[in-house]
Amino acid sequence: MRYLISILVLFVLLHFPALAEAQSPVPAPATQISTPAAQAEDTPVPVPPPTEKALRHYETGHLLWWFRTLWELALPAVILFTGLSAKLRDFSRRLGRSWFFALGIYFVLLALLMYGANWPLDYYQGFIRPHAYGLSNQTFAKWFGDSLKELAVISVLGVLFLWLPYLLLKKSPRRWWLYAGLATIPIYFFIQLIRPVVFEPLFNKFTPVENKVLETKILALAERAGIHGSRVYEVKKSVDTKTVNAYVTGFLGTKRIVLWDTMINQLDERELLFVMGHEMGHYVLGHVVKGILVLSALSLLAFYGIHRAATWLLPRAGKRLGFDQLSDIASLPLIMLLLGIISLVLTPVGFAYSRHLEHEADRFGLEITHYNHSAATGFVRLQDTNLGIPRPGFLYILMRSTHPSIGDRIDFFNQYKPWAHGEPSKYESYFAPEPTTNTTIPADRPVH
Ligand SMILES: [Zn+2]
């Protein structure tokens with residue numbers, strides 16, 4: 001489940017930036033909303049080397065990633081091969097009586113068991129480590145409360161949706177993977193539709209952008225990108241973290257751009273507007289929909305892999321496991337184990353696609369703002385704040401990077417300016433005509 005959730009999170013949210021944990025060695029400046037002095041947006045920005053602390057964070061983080069990856073394979077394997085899963089199933093059947101309730105009870109018990117088993121690692125990774133690196137503002141109560149809410153959300157989602165693949169497994173043991181793969185499309189869209197109005201407010205407070213001068217400029221940029229209505233929100237993430245981030249979430253009527261308050265506090269106005277231009281790229285270019293469709297395709301492939309592997313394995317190991325059909329709810333840890341193994345192959349594919357979308361959003365952001373220099377200085381600050389590494393190793397990029405490296409992004413910001421050579425911009429057809437008054441877009445926008 002954790003794999004499923006983490007892939008879902010990484011894919012569907014298209015978070016910006018990739019680096020999840022961050023800190024500000026630079027003193028956080030007061031919100032800079034005044035228009036900065038005119039800068040030469042065509043001045044290139046060198047990629048700074050990583051700090052020693054960032055390198056340490058990267059290297060220990062990599063060891064932790066390996067440990068977590070192996071742990072998440074080992075845990076379901078232990079639950080499975082000790083026969084614990086079969087025992088949990090027997091207990092759930094006695095308690096739940098009907099097929100549906102037995103399924104729900106089994107899932108909640110398994111989720112509780114895994115929550116407990118994962119707790120020390122989650123506590124270290126989610127609380128101890130970010131504090132040790134000075135990346136976190138979170139109190140223990142907030143961290144613990146959030147972890148319990150996550151457990152509740154996972155349990156509710158499991159009870160709501162898990163019956164579907166198991167019913168398909170029962171009714172169509174040979175084709176279930178196809179139907180379940182197709183069913184992920186409406187399910188992922190449904191989750192994406194309700195996540196900004198149901199799930200996300202459980203964890204943080206969302207408001208319109210509080211700085212009204214900044215909001216006016218962001219909304220003017222949004223109008224130019226063809227995004228109407230106040231679709232930009234601010235979230236109080238400063239209670240959790242010192243890192244900076246922004247993202248696009250929701251679907252149809254709930255679609256929106258969310259800006260962390262930490263980012264408003266740390267970037268200057270042009271840097272922020274570039275980031276907003278990037279997020280607007282995700283919004284306008286339909287990246288949420290594309291991400292979900294690719295995720296569904298990968299889910300279908302994963303289900304097929306599970307089907308083939310289980311068809312081979314169950315006749316051989318069924319006695320030991322305490323079940324011989326995949327449609328038995330006791331098979332859930334087996335499905336998680338196989339999904340974990342298959343994810344090792346499918347994750348690089350999904351992440352490569354994600355990096356492509358991120359690159360296109362960067363292009364969109366540059367084309368709509370022409371803030372090349374500010375985009376680059378924003379990312380220099382971001383590397384510093386988030387303890388980033390400008391050019392991570394091959395394995396990191398392959399397995400963990402949903403975004404291009406900061407070094408590659410700054411290189412792109414330094415060189416991509418087709419308008420300077422009289423060449424057409426790729427996405428200019430998306431932009432509304434330039435406003436003629438200075439009440440909308442920042443008045444100091446460079447002439448092109
Ligand atoms: Zn992005």
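Reader: Why is R97 called exposed?

Author: Happy to start there. R97 has 11 C-beta neighbours inside 10 Å, and a residue is exposed if that number is 12 or fewer, so R97 counts as exposed. This is a predicted model, by the way. R97 sits in the loop between α3 (84–96) and α4 (99–132), and its phi is near 65 degrees, a positive value in a residue other than glycine.

Reader: What makes H370 buried?

Author: Around H370 there are 22 other C-beta atoms within 10 Å. The cut-off for buried is 20 or more, so H370 is buried. H370 belongs to the loop between α12 and α13. Its phi is near 60 degrees, again a positive value in a residue other than glycine.

Reader: And why does H62 count as partly exposed?

Author: H62 has 16 C-beta neighbours inside 10 Å. Buried needs 20 or more and exposed needs 12 or fewer; H62 therefore falls in between and counts as partly exposed. You will find H62 in helix α2 (residues 52–81). The C-alpha atoms of H62 and R400 are separated by 9.7 Å, although these residues are 338 residues apart along the chain.

Reader: How do you know that the buried residues of α15 line one face of the helix?

Author: Good one. In α15 (residues 406–415), the buried residues are I406, R409, I410 and F413. Seen down the axis of α15, they fall within an arc of 95 degrees, so they line one face of the helix. The general background is friendly to this: an α-helix has 3.6 residues a turn, so residues three or four places apart point the same way. The cover over the buried residues of α15 includes α12 (332–369) and α13 (372–385).

Reader: What makes β1 and β3 the edges of the sheet?

Author: The four strands form an open sheet in the order β1-β2-β4-β3, with mixed pairing. β1 (206–208) and β3 (246–249) each have a single partner strand, so one side of each is left without a neighbour in the sheet. On average, neighbouring strands of this sheet are turned by 35 degrees against each other, direction ignored.

Reader: How do you know that β2 and β4 pair?

Author: Pairing takes at least two bridges, and β2 (residues 232–235) and β4 (residues 256–260) have four, in the parallel sense. For instance, E234 has L259 in β4 as its bridge partner. Helix α10 (residues 269–284) lies across β3 and β4, running at about 20 degrees to β3.

Note on methods: Residues are numbered from 1 along each chain as its sequence is written. This is a predicted model: local features need pLDDT of at least 70, side-chain atom pairs count only at pLDDT 80 or more; totals for chains, interfaces and linings use all residues. Helices (H or I, at least four residues) and strands (E, at least two) are DSSP runs, numbered from the N terminus. The arc is that of the directions from the helix axis to the C-beta atoms. Two residues are in contact if their C-beta atoms, placed from the backbone, lie within 7 Å. Axes are lines fitted to C-alpha atoms, for helices over the stretch in contact, and angles run from 0 to 180 degrees between N-to-C directions.
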